[in-house]
Amino acid sequence: MTKVIVTSLNPAKIAAVETAFRSVFPDNDMTFEGISVSSDVADQPMTSEETLAGARNRVHNAKKVIDGNFYVGVEAGLDNPFTFAWMVIESSDRTGESRSASVPLPPQALKALETGKELGDVMDEMFNEQNVKQKGGAIGMLTGHLLTRSSVYHQALILALIPFMHPNLFPPLDKSNPSQNHG
């Protein structure tokens, strides 16, 4: 059985990972487990670089505490004036990374984020909702639920799985070269 570790307890992230893996590997018997690990970056990453580092750090930190076949880090962040997420997927011998679609944020949301608030809290206030980030996220609120956090993450996760779908096209990690392994 293939064990997929999702480095979050957020139901939207876990659902996106499960849907993507089941789409790519429909004949594999898989289990999915969410765990809480640190991203070692700010709760609200403010740049693409910080967001990617957070996803990589989550994978690295998960590998220290739990055994799995795949580790998936999904880190949402900002790249002014957009929100998006980085997907990092690692196995024992491969890494795949992809960035989700970029969602434009209203100027008032950007101003609130600059004061140190997290996007989910800002969306809760803007749309008079509770716990938006555990549901459809800012993406759901801003698109009138035509898209959700899970649906947008699903595409990026499938893209990050390409090296695992076509291992003959992507060389395995060189374990003697730690700089090749981003996690």
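Which helix is Asn 61 found in? Asn 61 sits in helix H2, and the legends below start there. A note before the views: this is a predicted model, where local features need pLDDT of at least 70, side-chain atom pairs count only at pLDDT 80 or more, and totals for chains, interfaces and linings use all residues. Residues are numbered from 1 along each chain as its sequence is written, and side-chain values use heavy atoms, with hydrogens and water left out.

**View 1. Asn 61 of helix H2 and its contacts.** Helices (H or I, at least four residues) and strands (E, at least two) are DSSP runs, numbered from the N terminus. Asn 61 has a relative accessible area of 13%, so Asn 61 is buried (buried means under 20% relative accessible area, exposed over 50%, partly exposed in between, with a 1.4 Å probe and protein chains only). Leaving aside neighbours within four places in sequence, Asn 61 is in contact with Val 37, Ser 38 and Asp 40 (contact means heavy atoms within 4.5 Å).

**View 2. Backbone oddities in three loops.** Most residues other than glycine have a negative phi, and most peptide bonds are trans. Asp 40 is not a glycine, yet has a positive phi of about 60 degrees. Look for Asp 40 in the loop between strand S2 (30-34) and helix H2 (48-65); with a relative accessible area of 52%, Asp 40 is exposed. Asn 128 also has a positive phi, about 50 degrees, and belongs to the loop between helix H4 (119-127) and helix H5 (137-142). At 71% relative accessibility, Asn 128 counts as exposed. Then there's the cis peptide bond from Asn 80 to Pro 81, with omega near 0 degrees. Pro 81 is in the loop between strand S3 (70-79) and strand S4 (82-90).

**View 3. Helix H1 crossing helix H6.** The axes of H1 (residues 11-24) and H6 (residues 149-160) come within 8 Å and cross at roughly 45 degrees. Axes are lines fitted to C-alpha atoms, for helices over the stretch in contact, and angles run from 0 to 180 degrees between N-to-C directions. H1 and H6 are therefore oblique to each other (under 35 degrees counts as roughly parallel, over 145 as roughly antiparallel, 65 to 115 as roughly perpendicular and the rest as oblique). Residues making the contact include Ala 12, Ala 16 and Val 24 of H1 and Arg 149, Tyr 153 and Ile 158 of H6.

**View 4. Ala 16 of helix H1.** Zooming in on that contact, Ala 16 counts as buried at 2% relative accessibility. Not counting residues up to four places away in sequence, Ala 16 touches Ser 150, Tyr 153, His 154 and Leu 157. The C-alpha atoms of Ala 16 and Arg 149 are separated by 8.1 Å, although these residues are 133 apart along the chain.

**View 5. A cluster of Phe rings.** The structure holds 5 aromatic pairs. Rings of Phe, Tyr and Trp (its six-membered ring) pair if their centres lie within 6.5 Å; planes under 30 degrees apart count as stacked, over 60 as edge-to-face and the rest as tilted. The Phe 21 and Phe 25 pair is tilted, because the ring centres are 6.1 Å apart and the planes at 45 degrees. Phe 21 and Phe 70 pair edge-to-face, at 5.1 Å centre to centre and 75 degrees between the planes. Phe 21 lies in helix H1 and Phe 70 in strand S3, so this pair ties together parts that are 49 residues apart in sequence. Both Phe 21 and Phe 70 are buried. Ring pairs link Phe 21, Phe 25, Phe 32, Phe 70 and Phe 164 into the cluster.
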